[in-house]
Structure formats: structure tokens, C-alpha cells
Amino acid sequence: MAGIEVTALHKRYPDGTVAVDHVDLSIDDGELFVMLGPSGCGKTTTLRAIAGLERQTTGDIRIGDTLVNDLLPAERDIAMVFQFYALYPHLRTRDNLAFPLRAEGLPKAEVRERVAEAARLMRLDSLLDRRPRQLSGGEQQRVALARALVRRPRAFLMDEPLTNLDAELRADMRTEIKHLQGELGTTMVYVTHDQVEAMSLGHRIAILNKGRVEQIGTPLEVYNRPASLFCAAFIGSPPMNLIEVEVADGKLRSQGGLVLTPPPGLPRDRRLVAGVRPEALEVTEPGAQRSVPARVVSAEWLGDEIIYAIDHSGQRDVRVRMPPTVRFAADAPVGLRHTGGTPTVYDVHTEELVA
Amino acid sequence: MAVSVDEAVSTGPARDRTPPARRLGGRGRSALEVALLTVLAVVMLFPVLWMIETSIKENRDVYAVPAQFFGFTVTMDHFKDVFVGPDGGRSALSVAFLNSAVVAGVSTVLATVLGVPAAWAYSRLAVKARKDQLFFILSTRFMPPVVVVIPIFLMYRQVGLIDSKLGLILIYTAFNVPFTIWMMKGFVDEVPAEYEDAAMLDGYTRLQAFWRFTLPLLVPGIAATAVFALIFSWNEFVFAIFLTSSDSVRTAPPAIAGLIGGTTTDWGLVAAASVVFALPVLVFAYLVRKHLVAGVTLGAVRR
């Protein structure tokens with residue numbers, strides 16, 4: 001078991017594309033660390049560099065106390081699980097599991113013992129004599145996880161391991177992975193583009209965009225105080241509302257008259273955007289106290305909640321999360337009221353958090 | 001497994017998409033179909049059938065007017081003449097067939113050995129200016145080979161490769177390598193790179209990973225590619241006739257062509273030699289037909 005230290009990692013491809021732009025990460029021993037971002041943000045390249053499958057242009061990678069820059073993938077003592085499970089198609093489950101151990105040259109008795117242990121842990125006992133094509137997607141993924149487990153590596157690297165599963169199975173496997181990581185206490189670096197997966201799994205989340213780290217924090221920190229407009233728009237479903245505001249009379253005021261409490265230390269003379277979560281707003285009867293006039297554009301009835309899209313002085317996509325009992329028809333005139341605490345405020349030009 | 005909407009509804013309207021011909025009743029349509037296909041088959045196969053017939057007719061039946069389709073005397077003399085010379089030793093034709101086998105076989109093996117790893121590298125590694133390189137490789141096939149016959153003839157004369165099997169092997173390999181690279185690159189692209197990644201994490205080097213995991217999955221593609229390369233080399237005529245002259249080096253296509261002309265042409269011998277010439281490729285393609293179909297359709301199937 002070991003932590004992973006990534007310092008000023010930079011990857012530039014021969015054609016000039018910069019995939020990873022001076023990324024620093026410090027992953028603790030035993031941590032489940034999630035790298036989250038849209039496709040092409042450099043998260044997979046970073047993971048592959050840690051694995052040794054891709055050579056960085058500059059920068060250092062340490063696993064534990066070892067500088068691994070010049071080590072082959074196999075010498076780094078890590079295991080990786082791929083999106084496409086990469087089980088050897090011609091081998092039975094049993095041999096797929098035993099394969100990395102045999103490659104290491106372990107004695108037969110120990111191989112047998114470790115395979116049995118991993119199979120028990122991932123509940124694969126009845127599948128040991130099947131070939132990959134005879135397994136369902138979920139079963140293949142469990143075999144892939146077990147194959148990573150048998151190595152007893154210092155760290156697990158997971159490259160979007162649940163993307164190919166259907167929604168229900170994905171939720172099950174998510175729980176399973178989280179449970180497994182907690183039980184084994186292994187360092188795990190998990191790459192995903194799915195923010196729900198990131199929020200539910202990660203001890204900490206790194207949000208990447210265009211090869212740079214936008215924010216690193218616990219799921220709550222990332223949710224409550226997104227460090228940039230990109231993070232604000234990326235985390236949460238529906239995402240944070242970004243409303244242009246001005247500072248006037250010690251208050252934040254939107255064009256449509258919505259009034260928000262300003263955080264302390266706001267700079268003057270800058271164009272600002274306030275980030276307001278859908279649950280920090282409320283749709284009311286028109287003319288209710290402290291509300292501003294607005295109009296319902298559409299409503300999504302999700303059963304346990306309703307997501308309203310509200311037209312607020314020309315901004316037609318203000319999302320509001322409401323309990324299912326509060327019902328307004330589409331196009332109905334309504335009131336919009338802010339109920340949450342202090343919003344986060346961003347500079348329009350730098351796109352970064354100012355307060 | 002969840003059934004998608006598309007799958008669920010496709011069975012219903014599918015009946016409506018049946019071509020009108022099928023509604024006319026199976027029997028009438030199939031009779032017409034069979035008749036048309038028969039005509040087509042006769043037209044396509046007649047030259048082949050005639051070649052086979054001629055190869056087993058005696059010479060007087062070959063020239064008989066009207067031509068005899070049935071009831072001629074069957075003889076295997078022509079086939080004997082293909083392999084046995086007039087003096088009882090090996091005939092020039094049999095030497096030519098042996099030369100063809102050597103030249104086509106070796107050039108195919110060479111093209112495969114060079115082309116498959118190259119295709120793998122172009123598919124997997126970050127090669128500088130990959131697209132330009134691939135285009136350059138492809139561009140060598142833009143030109144009809146006959147255009148370069150004279151320059152190559154002159155070059156070969158300078159370096160002493162004229163009238164040698166090595167010369168033919170080299171030129172056929174040169175033509176087959178680009179083809180092999182392009183065709184194999186498609187197959188390599190189809191094999192997920194994660195197999196190699198996983199193998200490298202399990203302790204293998206990149207080359208070992210390629211050799212142990214990717215290569216076995218490429219066998220159908222290699223078989224399909226090799227068949228095409230083999231057919232090209234086996235059938236090639238232009239370079240063979242320009243670059244070789246002696247009976248000991250000449251391959252089968254110019255040798256068979258050489259039978260025609262002179263004062264009389266032994267059509268029976270020409271036909272028999274042609275049958276023998278056509279057989280190996282047919283047999284080879286038949287043996288690897290499973291791979292061939294799998295290989296050619298591989299790219300069309302979604303993973």
C-alpha cells in the first residue's frame with residue numbers, strides 16, 4: 001500500500017497536442033481518489049502515465065517512496081481495470097485470474113490460494129471455468145476486478161470501469177467497489193466522466209479540464225464551493241445556476257431583481273456571476289414575499305421531485321428543484337425566491353471563484 | 001439484457017418490407033431465379049469448363065468442327081506433358097510452376113513478416129506524421145505497375161537481379177508490403193489495445209504483449225491478407241515476362257503464355273497447364289475460407 005505523488009506532470013504528443021498540462025496530485029495512502037472531467041480533459045492520460053503505459057514529457061511520478069518515471073508498468077506494482085475489461089479471451093476465468101501471478105513466477109500452491117481468495121471476495125466461484133464470452137458484462141467486470149485484486153498491488157488504477165454496464169448494474173458495482181476499497185484499504189485512483197459516480201465514490205475528487213486541474217476537494221467541498229465556472233457547471237444534476245449579478249446597496253442583485261446575500265470581501269468594478277444551486281431557489285405563487293416575477297418554461301416530473309426551468313428576465317434556463325407537491329403548469333406566471341445561504345461568486349473574465 | 005425500442009419493434013414492420021416478388025408465391029419466383037442464375041453461371045463458368053474439357057481432350061477432338069461437348073475420348077496425356085518433358089525428364093513447365101511457388105510463397109511470407117508488425121506500429125504507437133507516412137505508403141500503389149517496368153528493368157540490370165528469382169521475390173514483396181500494411185492496420189485497429197496494456201501491467205514487454213495476445217487474435221486477418229498477397233504474386237505477369245528470360249527462372253504465367261505462338265499451338269497442353277495453374281490458389285483459398293470471410297467482414301461488425 002502506498003500513496004501516489006504526481007508532480008508537474010506534462011504530456012505533449014508528437015502532433016503538438018497537450019493532453020496533460022503541469023498537473024500536481026497528491027494521493028494519500030488508502031485513499032479513493034477520483035479524477036473527474038469531460039472526455040479529452042487528460043484524466044485517462046494522467047492515469048496511463050501513473051500506470052507507465054504512457055511516458056510523460058516532463059514531470060515526476062512517485063508511488064510510495066519510489067520514483068517510477070523510468071520503471072516499466074509491471075515494475076510499478078500496480079493493477080489496472082479497464083473500461084473494456086481486457087480479459088484474455090482464450091483463457092477461462094480461473095486462468096485469467098492466475099495469469100498475472102504466473103507471470104510473476106509464484107509457486108503453484110500460492111497461485112491457487114490467491115485465486116480462490118479473490119474469487120471468493122468477488123463471488124466468482126461458480127464462474128471459474130467459463131471463458132469471457134460466456135460471462136455477462138457485470139460478471140466480466142467482476143472478473144476484471146478480481147484479476148486486479150490477486151496481485152495485491154500497492155495501488156489500483158480504474159479507467160472508467162463501469163461505463164459499459166447498464167444503469168442498474170452500475171449502481172450495484174459502485175457500491176461493491178466502494179465497499180471493497182474500504183475493506184482492503186488500498187489506494188485507488190478512479191477515472192470517470194460521470195459526476196454521480198465521482199460524488200458517491202470519492203474520498204476526494206480532482207476535476208480536470210483541458211489538461212489542467214480545476215479543483216481538488218471532498219465531494220461536499222466540490223459541491224458547495226466549485227472553484228471555477230467550469231466546476232460549477234459540471235457538478236450537480238441539474239447543474240448550478242449561473243446568474244449575472246451586480247453589487248448594489250450591499251446586496252447582489254440580478255437583472256430581474258433577484259436579491260442575494262453577498263459573501264464578504266467582494267471586489268468592486270468587476271462583472272460577476274453568482275452560482276446558485278437549484279435547491280437554493282424556490283418557485284412561489286406570483287407576488288409572494290421577497291419573490292421576483294418569473295415564468296415557468298418547463299417542468300420535469302421525476303417522482304420524488306420536480307425540476308422547473310424558469311424564465312428569469314430573459315435567462316430561460318434557471319433550474320429550481322421543488323418537492324413534488326408544489327405544482328405549476330408550463331407557461332404559468334410565478335415568483336422566484338432565493339432561500340439558500342450565501343452563493344458562490346465568480347469573475348466573468350477569469351471564470352474563477354472570487355468569494 | 002434490456003431490449004431496446006428499436007429491437008422490440010423491428011419484427012412487426014419487417015413483414016411489410018418484404019420485396020413484392022416474395023408475395024407472388026415462392027415457387028414461381030424461385031423457378032425464375034434459378035433460371036436466371038443458371039444462365040449467369042453458364043456464361044461465367046463456360047470458359048473455365050471449356051478449359052477443363054480441352055485439357056482432357058485428344059488433339060483431334062480439340063480441333064473438331066463442330067465442337068464436341070460430350071462423347072470425346074478422355075485423355076490425361078496433356079497433364080502428363082505439363083510435368084514430364086519430351087525426353088522423359090522434368091518439363092520446362094514443371095520448373096516454371098516450382099518457380100512460381102517459390103517466388104509467390106517467399107514474397108508473401110516476406111510481405112507478411114514485414115507488413116504485420118508495421119501495421120501494428122502504425123495502429124498502436126504515436127508515430128510522427130503517421131497520416132503522411134501512411135499516405136505515402138498507399139501512394140506507391142496509385143501507379144499502375146507497368147509504368148515502372150522499364151526503370152526497374154534498368155535498375156535490375158545494373159545490380160544483376162535480372163533473370164533471378166530473388167529479383168522477382170523483391171519486386172513482389174515491394175508491391176505486397178503496402179497492401180499488407182493497409183489491410184492489416186484495419187485488423188489491428190479492431191483488436192482493443194487494452195489487451196496489450198493489461199499484459200504489460202502483468203509483466204510482459206510491449207513486444208511480448210503483441211506476440212502473445214494481439215497476434216493470435218490477428219490470425220484471421222493475416223490469413224485473409226496473405227491470400228490476397230499470394231494471389232497477386234502467383235498471377236503476376238508483366239514483371240515476370242520483362243525481368244526473366246531463362247526457363248530455369250521463369251514463373252508459370254509467362255511460361256504458359258510462351259506456349260502460344262510458334263508454328264503450332266498445343267491447346268491441350270495450354271489448357272492443362274492453365275488448370276494446374278488455377279488449382280493451388282483455389283485450394284488455398286478454400287482451406288482458409290473461414291478466415292477469409294471472417295477477415296473481410298471483420299471491419300463491418302460492431303464490437
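# How chains A and B meet, and how they are built

In this predicted model, 15 residues of chain B are in contact with 18 residues of chain A. Two residues count as in contact if their C-beta atoms, placed from the backbone, lie within 7 Å. On chain B, the helices α10 (194-201) and α11 (206-235) each supply at least two residues of the side that touches chain A. The largest share of that side, six residues, comes from α10(B). By class, the side of chain B that touches chain A has ten nonpolar, one polar and four charged residues. Here Ala, Val, Leu, Ile, Met, Phe, Trp, Tyr, Cys and Pro count as nonpolar, Asp, Glu, Lys and Arg as charged, and the others, Gly among them, as polar.

Some ground rules follow. Residues are numbered from 1 along each chain as its sequence is written, and chains are lettered from A and ligands numbered from 1 in the order in which they are written. Because the model is predicted, local features need pLDDT of at least 70 and side-chain atom pairs count only at pLDDT 80 or more, while totals for chains, interfaces and linings use all residues. Helices (H or I, at least four residues) and strands (E, at least two) are DSSP runs, numbered from the N terminus.

## Chain B

UniProt, in an unreviewed entry, annotates residues 97-288 of chain B as "domain: ABC transmembrane type-1". The record also lists "transmembrane region" for residues 31-52, 96-122, 134-156, 168-188, 209-234 and 267-288 of chain B. UniProt positions use the numbering used here, feature names are shortened, and annotations may be inferred rather than shown by experiment. For chain A, the unreviewed entry places "domain: ABC transporter" at residues 4-235. The table sets out annotated spans from both chains.

| Span | End C-alpha atoms apart | Helix | Strand |
|---|---|---|---|
| B 97-288 | 22 Å | 77% | 0% |
| B 96-122 | 38 Å | 100% | 0% |
| B 168-188 | 29 Å | 100% | 0% |
| A 4-235 | 25 Å | 37% | 25% |

## Chain A

Chain A averages a pLDDT of 90, and 100% of the residues score at least 70. pLDDT is the predictor's confidence in each residue, from 0 to 100. Confidence in chain A is lowest in strand β12 (residues 251-254), at a mean of 87, and highest in strand β3 (residues 32-36), at 96.

Chain A is divided into domain 1 (4-227) and domain 2 (238-347). These bounds come from an automatic or database domain assignment. The centres of the two domains, taken over C-alpha atoms, are separated by 39 Å.

What order do the four strands of the open sheet in chain A follow? The order is β2-β1-β4-β5, with antiparallel pairing. β2 (18-27) and β5 (66-67) of chain A stand at the edges, each with a single partner strand, so one side of each has no neighbour in the sheet. Strand β1 (residues 4-12) of chain A pairs with β2(A) over six bridges. Two strands pair if DSSP finds at least two bridges between them. In this pairing, A:E5 stands opposite A:S26 in β2(A). Helix α1 (residues 43-51) of chain A packs on the sheet and touches β1, β2 and β4 (58-63). The direction of α1(A) makes about 115° with that of β1(A). Axes are lines fitted to C-alpha atoms, for helices over the stretch in contact, and angles run from 0 to 180 degrees between N-to-C directions.

Further along chain A, strand β16 (residues 292-301) runs antiparallel to strand β17 (residues 306-312), joined by six bridges. A:S298 stands opposite A:A309 in β17(A). β16(A) and β17(A) form a hairpin with four residues between them, and A:G303 in the turn has a positive phi of about 95°. β16(A) also pairs in the antiparallel sense with strand β19 (residues 333-338) of chain A, over four bridges. There, A:R295 stands opposite A:P333 in β19(A).
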